[in-house]
Amino acid sequence: PDAPAAGTPQRKELVSRVEGHMFFYIHAMRLGWGSSVHAEAGGALRLMLAVQEDSDRELAQVGRMGLELCATSTHNPAVVTHLVDTAEDVHSTTDSWRVRSACLDFVREAGHTFGLHSELRGRCMAMVQEKGLLDPVPEVRQNASASLAGFLRMAGSEHIRSIIANAPKPRRRGGKAPGEGKTDEERAGMLVRRHAKTLGLAACVLSHPTELPEWMSDAVGSLCRLQGDDTMITAVVSKTVGEFKKSHQDVWDFVKTTWSEDDLQLLSDVSGTHSYYS
């Protein structure tokens, strides 16, 4: 049934009941009684995710507080696995992009909390990379990229290199227009996939904000070659390269002496300044 209209007594009663259920769970977690509410964990998680779509922002904030506690204060791997299963189910069935984004937030925090549990962490990273980056809504994809950067911090170089190898190919000047002969829906899908691959590259670069792994020049170069692409792609390139420059200023002398002239020129072209590299 539809939710009661805003401002009605029925609506106020419903909000009060929902808040009561969430606060009960939150206080149990805060007081260290999490084991006593494990049986209700899945239902509580669904409720906290559902209220993210509600127009009552205070109610949604209570839900976000509960989601964070669920992810960071549940120390039983079996329970957390069940919660990740629940988040995946909600993510795959909801029509709300806010709820899908909240699902990604939850699995990100759960994955970091159980960082030493490689299987669970791998599941969380896979959900972010395989589902979040391909979400039809740009805001969700951007959230997935930021979440993926945290996971890649703990991932091996082979996984990162696989993302770099899957980078979008730069478009040739004077080449055939992308999506020519395709329907609007097909062109939109192509852009989502291209944006997802670009955000994957950005996650690789941002996963190491101060270090310079061997693959970094390949990741940054692949991004820079996309400058001048679709507006959505170019925005990711400009923002990521800007963040890279800021966070690596202390090691820039090393960059200038170890990266190729072509790599430095690509960076210069994107940044719009040549003096920075001289």
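Visitor: Why is Phe-244 counted as buried or exposed, whichever applies?

Guide: Phe-244 has 1% relative accessibility and therefore counts as buried, since buried means under 20% relative accessible area, exposed over 50% and partly exposed in between, with a 1.4 Å probe and protein chains only. This is a predicted model, in which local features need pLDDT of at least 70 and side-chain atom pairs count only at pLDDT 80 or more, while totals for chains, interfaces and linings use all residues. Residues are numbered from 1 along each chain as its sequence is written, and side-chain values use heavy atoms, leaving out hydrogens and water.

Visitor: What makes Phe-244 and Trp-252 an aromatic pair, and of which kind?

Guide: Rings of Phe, Tyr and Trp (its six-membered ring) pair if their centres lie within 6.5 Å, and planes under 30 degrees apart count as stacked, over 60 as edge-to-face and the rest as tilted. By this rule there are two aromatic pairs. Phe-244 and Trp-252, at 5.9 Å centre to centre and 65 degrees between the planes, are edge-to-face. Trp-252, with a relative accessible area of 6%, is therefore buried.

Visitor: How do you know which kind of pair Phe-244 and Trp-259 form?

Guide: Their centres are 5.7 Å apart and their planes 20 degrees apart, a stacked pair. Phe-244 lies in helix α11 (residues 231–247) and Trp-259 in the loop between α12 (252–258) and α13 (261–271), 15 residues apart. Trp-259 is buried because its relative accessible area is 12%. Phe-244, Trp-252 and Trp-259 form one aromatic cluster.

Visitor: Why is Arg-193 called partly exposed?

Guide: Its relative accessibility is 45%, which falls between the limits for buried and exposed, so Arg-193 counts as partly exposed.

Note on methods. Helices (H or I, at least four residues) and strands (E, at least two) are DSSP runs, numbered from the N terminus.
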